[in-house]
Amino acid sequence: MNQKKVCILGPTGVGKTSLVKQFVEGIFSEKYQTTIGVKIDKKQLSQNGNDVQLLLWDLEGIDRYCGFNPRYLRGATAYIVVVDQTRSQSLLEGLDILSMAREHYPDTPAFFVVNKTDLPTSWHWSEEEVNEHAKSFTSLIKTSAKTGDNVEDLFSTIAFWAQ
Amino acid sequence: MTDKGPTSAPVDDSLDKIRELLIGRDDKYIEDKLNRNAKGVVSGVVSEALLDRETKDGSVNKVLVPLVEKSLHRSIEANSDKIVGTLYPLVGTLVRKAVSAFLVDFVEKTNALIEHSLSPKSITWRFKAWQSGVRYSDYVASQVYQYQVQQLFVIHRETGTLLHTVSSDPQKSKDADLISSMLVAINDFVADAFSPSKAAYDNELGEIKTDDFTLLINLGPQAILVAAVIGSAPPEIRGKFQLALEEFHQFYQKPLLEYKGDNRPFEGCGTLLNDCLVSEKKEAKQGKKKRLAGTLLVVLAIVSLLTLAFFRIELALLQNNIDTLPPEPGIVLSRTEINNGKIHLRLLRDPAAPSAREWLRRYGVETDDVSISESSFVSLHNAVIETKLLNLISAYPSLSIAREEANNLRLSGSISAAQYSLLLQKVNAIPGISQLNINANNITIPPVATDNSATLSAALAKQIASEVSGITLNFKKNQNTLAVSEMEKFNRLTLLLTQLQDVAHQINLSVAVFIMGASDRSGTTAKNKTLSRARADNVKNLLVSNGVDESLLLPMGLGSLPLNENAMGRTVFLNVLISEAKTTEDKNP
Ligand SMILES: Nc1nc2c(ncn2[C@@H]2O[C@H](COP(=O)(O)OP(=O)(O)O)[C@@H](O)[C@H]2O)c(=O)[nH]1
Ligand SMILES: [Mg+2]
């Protein structure tokens with residue numbers, strides 16, 4: 001079976017952990033989360049009859065000021081940058097994170113996730129602006145970790161890319 | 001002083017001019033000259049000078065060492081992956097040496113350690129020892145060397161994905177992939193937290209202790225070996241892990257470098273890892289004898305486990321050896337596998353090729369642990385065709401064969417006409433013979449030697465006649481041509497008849513060979529008559545074309561034979577009539 005490492009990045013509170021939780025049900029390494037800032041979960045998918053196991057690295061505590069440990073991205077097949085469409089600031093921070101990640105791993109596909117679509121859009125970014133920013137990513141997917149909207153699609157798109 | 005006004009003394013000025021002419025302004029000429037020769041002058045004495053200075057005050061080393069260190073450091077920093085990869089086997093040996101040195105030291109100091117250590121653990125132990133009323137050193141002994149390696153993980157270092165895991169208890173191995181990723185993350189974290197520089201291998205984790213087990217972590221360039229151990233493992237087990245990890249890198253170098261998440265190439269590495277799943281059980285304290293027996297048992301078990309594992313690796317190496325042997329003409333290796341402590345080879349072999357064992361032994365492969373099942377096939381490899389030809393020729397001592405150039409062979413020697421025709425026939429029957437160029441121009445066919453002893457020849461003729469009469473050639477139903485299966489008998493027949501005709505010619509005998517075709521009872525009488533005659537005619541024609549004198553041969557069709565075993569009728573059989581030997585008087589009345 002193929003195993004692929006996928007990192008989930010984004011500012012605090014945008015719903016990274018909730019996305020993984022929604023996708024895999026059940027979180028493994030809760031107790032390390034606070035210590036080392038990474039939570040890892042796995043989920044098996046089937047792509048055209050091939051089994052792929054995604055190992056999802058949920059990186060905590062990344063924000064504009066704190067930065068993150070780029071080592072955690074080593075060997076990742078793809079990474080996801082999650083932002084929260086109820087907070088304007090989260091998009092700016094997300095873009096910062098993207099550029100930090102790109103600095104170390106310029107060739108790894110990066111997915112842009114706008115989360116919390118179940119809530120009304122309350123950031124000051126227009127649809128056009130979001131689409132413009134999305135051009136720096138491999139693809140844009142809008143999700144709700146709460147309702148599960150598009151979550152399955154997000155990960156199967158990544159699994160598809162990972163092949 | 002710097003004032004050089006026109007009022008200065010003119011005498012001084014002219015002296016300066018002369019000096020300037022001789023040695024240039026500011027000693028320029030001398031310097032030029034010196035510079036020009038400097039390289040030669042210095043290189044002539046540089047080694048000696050360095051030595052002198054070094055013996056004098058040791059300052060050369062002080063200058064050179066930091067320089068060398070710095071440039072080495074830079075080159076390692078720039079190519080660290082490459083350099084570490086190359087050095088790894090070497091480093092492994094060094095580490096092993098260090099570990100064994102440590103062990104010697106460890107054994108010597110154990111007693112002192114037991115008596116004097118004051119770690120938090122030792123305090124607990126002291127307390128527990130006091131509680132249960134045994135001596136502290138006894139208690140420690142009961143804790144030490146009582147361990148089990150429960151699970152081993154081989155983890156891809158870069159991605160943190162699990163390449164393979166083996167477990168002493170398969171139930172416990174679920175979530176091994178998550179544990180692996182977690183370990184790598186923790187390792188990354190630690191390495192990052194404690195080392196300011198980027199490539200700090202020594203800052204990464206060696207072990208993680210939890211309440212109930214210890215994770216021993218061995219880092220290699222591409223893979224990490226982690227052992228989950230309960231109890232306290234003896235330090236020499238580290239060496240074992242290190243060795244297994246080195247072997248893993250050696251065996252799987254290519255898949256490791258090309259790893260894209262697919263674990264299949266590593267499926268076979270269980271054999272390597274199983275060696276490391278060792279354990280030592282706590283002995284019951286029931287008198288010295290039992291303990292001794294127990295120790296013996298454990299030692300025996302470990303030794304047999306190790307030998308087993310050793311053999312398995314040995315076998316894997318052997319298998320690899322066999323797989324990479326240079327191809328042997330006439331042998332096609334179709335499959336090798338390890339099963340029940342043996343290597344099973346499946347191969348195709350041309351009967352003319354050397355036996356498979358001979359082939360393996362020639363390359364120094366021990367064949368005791370190899371079982372071979374072979375099917376025969378016809379090889380069209382030139383070397384095999386040549387071997388067949390050589391075998392054939394070796395049956396004729398009067399002939400020799402030589403190679404003119406690749407695929408060009410020359411036959412020479414002398415041979416009777418009959419034998420020659422037979423030989424040609426056999427040579428042409430070798431599959432693929434047309435790939436070789438055979439030059440037979442140097443074969444001479446001498447006239448038949450005359451035998452003075454006519455009686456002897458007559459006896460020989462009789463003997464031949466009786467053998468010929470015993471020959472029966474069988475035919476397939478409704479067929480009048482000779483089957484391939486009968487070719488051998490037919491060749492013998494040809495040989496006998498050519499000999500017979502030679503002998504008969506020598507001593508002037510009359511010979512008649514009856515070739516009697518027959519058929520079974522199926523079909524009409526007329527048809528059977530024709531069929532039987534056709535069989536006889538065909539045999540006759542074949543004999544004639546192989547050099548038998550046509551005038552001796554008398555083919556006839558007998559029609560069907562009234563036999564119980566109907567199939568027996570489908571034959572051609574022979575009978576020979578020979579006249580009495582004619583004396584000289586008979587010939588010249
Ligand atoms: N309404 C809504 N709330 C969400 C969604 N995703 C996450 N949340 C909430 O956002 C908060 C932060 O989520 P969390 O997953 O911990 O964010 P993380 O810091 O990125 O891991 C939590 O209170 C979640 O319940 C979503 O899609 N919709
Ligand atoms: Mg979180």
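Start by selecting Lys116(A) and ligand 1: a polar side-chain atom of Lys116(A) sits 3.2 Å from an oxygen atom of the ligand. Keep in mind as you go that this is a predicted model. With the ligand still on screen, turn on a surface if you like; the protein covers 70% of the 570 Å² of accessible area that ligand 1 has on its own.

**Around the ligand**

Next, pick Lys16(A) and show its backbone. One of its backbone N or O atoms is 2.7 Å from an oxygen atom of ligand 1. Step back to Gly15(A), where a polar backbone atom lies 3.0 Å from an oxygen atom of the ligand.

Now widen the selection to the whole shell. There are 16 residues around ligand 1, and those that come nearest are Lys16(A), Thr17(A), Ser18(A), Asp118(A) and Ala145(A). Try colouring the shell by class: you should get four nonpolar, seven polar and five charged residues. Which helix gives the largest share of this shell? Select residues 16–24 of chain A and you have helix 1, which supplies three residues.

**The sheet in chain A**

Hide the ligand and show chain A as a cartoon. Look for an open sheet of six strands with mixed pairing, running in the order 2-3-1-4-5-6. Its edges are strand 2 (38–47) and strand 6 (139–142), each of which pairs on one side only. Look along the sheet and you can follow its twist: neighbouring strands are turned by 25° against each other on average, direction ignored.

Zoom in on strand 1 (residues 2–9) and strand 4 (residues 78–84) of chain A. These two pair in the parallel sense, over four bridges. For a landmark, click on Ile8(A), which stands opposite Ile80(A) in strand 4 of chain A.

Then add residues 127–134 of chain A to the view. This is helix 4, and it lies across strand 5 (110–115) and strand 6 of chain A. Compare directions and you'll find helix 4 running at about 135° to strand 6 of chain A.

**Over to chain B**

Select strand 7 (residues 331–339) and strand 8 (residues 342–349) of chain B. They pair in the antiparallel sense over eight bridges. The two strands form a hairpin with two residues between them. Pause at the turn and click Asn340(B), which has a positive phi of about 50°. Along the strands, Arg335(B) stands opposite Arg346(B) in strand 8 of chain B.

Keep Arg346(B) selected and look to strand 9 of chain B: there, Ser373(B) stands opposite Arg346(B). Strand 8 and strand 9 of chain B pair in the parallel sense, over seven bridges.

Zoom out to take in the whole set: an open sheet of three strands in chain B, ordered 7-8-9, with mixed pairing. Why do strand 7 and strand 9 (370–376) of chain B each have one side without a neighbour in the sheet? Both stand at the edges with a single partner strand, so one side of each is left free of a neighbour there. From one strand to the next, the twist averages 20°.

Technical notes:
Residues numbered from 1 in each chain as written. Chains lettered and ligands numbered in written order. Predicted model: local features only at pLDDT ≥ 70, side-chain atom pairs only at ≥ 80, totals over all residues. Heavy atoms only, no water. Near = heavy atom within 4 Å. Polar contact = N/O pair within 3.5 Å; in protein donor to acceptor, adjacent residues only side chain to side chain. Areas by Shrake-Rupley, 256 points an atom, 1.4 Å probe, with all protein chains shown as cover. Nonpolar A, V, L, I, M, F, W, Y, C, P; charged D, E, K, R; others polar. Pairing = 2+ DSSP bridges. Axes fitted to C-alpha atoms, helices over the stretch in contact; angles between N-to-C directions. Contact = heavy atoms within 4.5 Å.
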